[in-house]
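Let's take a friendly tour of this protein and its ligand. We begin with the whole chain, move on to the ligand, and finish with a few individual residues.

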Amino acid sequence: MEMLKDKRIILGVSGSIAAYKAVDMASKLTQAGALVDVVMTEGALEFVTPLSFRSVTHRLVLIKLFDADSELSLEHVALAERVDAVVVAPATANLMAKVANGLADDLLTCILLAVQAPVIVAPAMDGHMYDNPATQENLSKLRARGFILVGPVHGRLASGLVGMGRLAEVDEIIATIKQALGRKGDLAGRRIVVTAGGTREPIDPVRHIGNRSSGKMGYAVAEAARDRGGEVVLVTSPTSLPDPVGMRVVKAETALEMRGEVLKAVAKADVLLMASAVADYRPKEASDTKIKKNAETITLTLVRTPDILSEVQGDLVKVGFAAESDNLVENAQKKLKEKHLDLIVANDVTAAGSGFASDTNQVVLIERMGKVEQLPLMPKGEVAHRILDRVAMLLSKRA
Ligand code: PMT
């Protein structure tokens with residue numbers, strides 16, 4: 001299920017040097033299957049050309065409110081009614097000031113006054129303009145009216161100065177659009193806890209026992225749940241992945257820390273999905289100082305960690321993952337029973353393109369009620385949606 005497929009999106013572009021990044025965004029949205037109509041302000045024309053956008057969207061680019069050549073631009077109200085989301089990126093201080101005060105003196109501001117669909121605003125401007133109380137007041141007004149703001153972020157600005165005012169990353173803006181589109185999805189209002197990554201059990205201040213989990217599978221599940229309307233808490237061990245937007249991200253390094261965070265988070269949850277690879281054993285004691293290379297052999301005593309999934313009880317849907325190298329279904333079924341799960345995702349970590357660190361995965365879904373489904377090799381994002389299809393079904397059965 002691709003969130004953006006056939007979704008009608010108006011991309012409003014105003015006059016900032018960051019406008020060139022909007023071309024990349026229009027391209028990415030189009031590649032994901034969205035129908036992107038770009039609306040440019042006069043100011044935006046100073047930085048990029050309509051042809052840049054038309055070349056990537058293969059659709060009309062609209063500028064003037066009263067443009068005899070464009071039947072669409074005369075119907076700004078109809079246009080605003082037909083869309084699934086409007087995103088303004090970059091949004092200048094001037095544009096936001098106009099919108100905050102209800103001005104409608106060009107096509108983009110008319111659309112923003114008429115639109116009922118979610119509006120995502122990604123500001124970009126000089127740091128002093130951003131800090132100005134007038135801009136801050138306008139931003140508060142927009143927020144209070146339900147506009148979804150993303151960024152700006154701190155970083156290098158066009159002036160050469162470093163400060164607040166940089167346009168948020170394109171991927172972050174797109175993630176925010178997906179989240180807005182999924183507000184009424186099949187997991188809307190569901191509180192979902194997802195775990196990801198591999199725990200690290202310290203041996204001394206510089207060494208740990210770890211595993212090969214990259215966090216990709218768990219992050220994909222968390223993002224897919226968010227895109228379907230879920231309120232997600234992601235409990236993650238260290239990974240090299242950026243924090244996903246639109247969810248609460250909680251860091252947990254060790255199995256014991258993960259246990260503490262999961263038990264706290266599930267107190268108010270409808271679903272727990274544990275894609276993390278949690279250490280089964282940890283060093284009994286971690287040395288306070290770096291262990292020196294003196295002896296020929298050293299012995300580490302390991303102790304069992306608590307099994308988090310088994311400890312979690314209550315009326316929530318519990319989904320485990322099983323990383324297996326042999327007897328996949330049999331071993332996973334055993335874990336399903338022992339941990340009292342509703343569903344287990346059996347993961348053959350020895351198959352090519354599957355398991356740890358890859359972008360794809362091959363899994364078998366096994367339900368407590370006995371249903372077994374072997375899925376083909378597919379991107380982790382798609383695997384995540386197939387798992388969530390089952391979760392949505394299990395939740396609806398409970399209701
Ligand atoms: O992160 P990636 O690189 O994308 O890789 C994805 C993955 C291979 C890590 C993932 O798909 C996966 O299979 N995760 C589960 C790995 C695992 O540790 O399986 P397990 O069989 O040891 O544990 C079974 C279940 O119990 C898991 O849901 C695990 O989170 C949970 N568990 C394990 C130990 C423990 N002390 N407490 C637990 O709750």
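## The chain as a whole

Helices and strands are counted here as DSSP runs, with at least four residues for a helix (H or I) and at least two for a strand (E), numbered from the N terminus. On that basis, the protein chain of this predicted model has 15 helices and 22 strands. Measuring tape in hand, so to speak, you would find its C-alpha atoms in a box of roughly 80 × 50 × 40 Å along the principal axes.

The chain has 399 residues, and 50% of them count as buried. Among contacts with a separation of 6 or more, 65% link residues that are 24 or more positions apart. About 19200 Å² of the protein chain is exposed, with carbon and sulfur atoms supplying 51% of that area. As for charge, there are 49 positive and 49 negative charges, and their mean positions are 4 Å apart.

## Around the ligand

Now to the ligand, which is surrounded by 30 residues. The closest are Ser213, Ser214, Lys335, Asn347 and Ala357. Two backbone contacts involve ligand nitrogen: a nitrogen atom of the ligand is 3.0 Å from a polar backbone atom of Pro306, and a nitrogen atom of the ligand is 3.0 Å from a polar backbone atom of Ile308. On the side-chain side, a polar atom of Lys380 lies 2.7 Å from an oxygen atom of the ligand.

How much of the ligand's accessible area does the protein cover? On its own the ligand has 780 Å² of accessible area, and the protein covers 96% of it. Helix 11 (216-227), helix 13 (308-311) and strand 17 (317-324) are the elements that give two or more residues to the shell around the ligand. Strand 17 gives the most, with 4 residues.

## Glu324 in strand 17

Strand 17 is also home to Glu324. Is this residue buried or exposed? Glu324 counts as buried because its relative accessible area is 7%, under the 20% cut-off. Its side chain joins that of Lys335 in a polar contact of 2.6 Å, and Lys335 is itself one of the residues closest to the ligand.

Leaving aside neighbours within four places in sequence, Glu324 is in contact with Asn331, Ala332, Lys335, Asn347, Asp348, Val349 and Thr350. Asn347 in that set is another of the residues closest to the ligand.

## Ala265 in helix 12

Ala265 sits in helix 12, which spans residues 255-266. With a relative accessible area of 13%, Ala265 is buried. Once residues up to four places away in sequence are set aside, Ala265 touches Val193 and Val233. A pairing across the sequence is worth a look too: Ala265 and Arg191 are 74 residues apart in sequence, while their C-alpha atoms are 9.4 Å apart in space.

## Arg386 in helix 15

Our last stop is Arg386, found in helix 15 (residues 380-398). Arg386 counts as partly exposed because its relative accessibility is 31%, which falls between the 20% and 50% cut-offs.

Which residues does Arg386 touch, not counting those up to four places away in sequence? They are Leu365, Glu373, Leu375 and Met378. With Glu373 there is a polar contact between the two side chains, at 3.3 Å. Leu365 lies 21 residues from Arg386 in sequence, and the C-alpha atoms of this pair are 9.0 Å apart in space.

Notes: Residues numbered from 1 in each chain as written. Predicted model: local features only at pLDDT ≥ 70, side-chain atom pairs only at ≥ 80, totals over all residues. Heavy atoms only, no water. Buried < 20%, exposed > 50% of the residue type's maximum accessible area, 1.4 Å probe, protein only. Contact = heavy atoms within 4.5 Å. Areas by Shrake-Rupley, 256 points an atom, 1.4 Å probe, with all protein chains shown as cover. Lys, Arg positive; Asp, Glu negative; His and termini not counted. Charge placed at Lys NZ, Arg CZ, Asp CG, Glu CD. Near = heavy atom within 4 Å. Polar contact = N/O pair within 3.5 Å; in protein donor to acceptor, adjacent residues only side chain to side chain.
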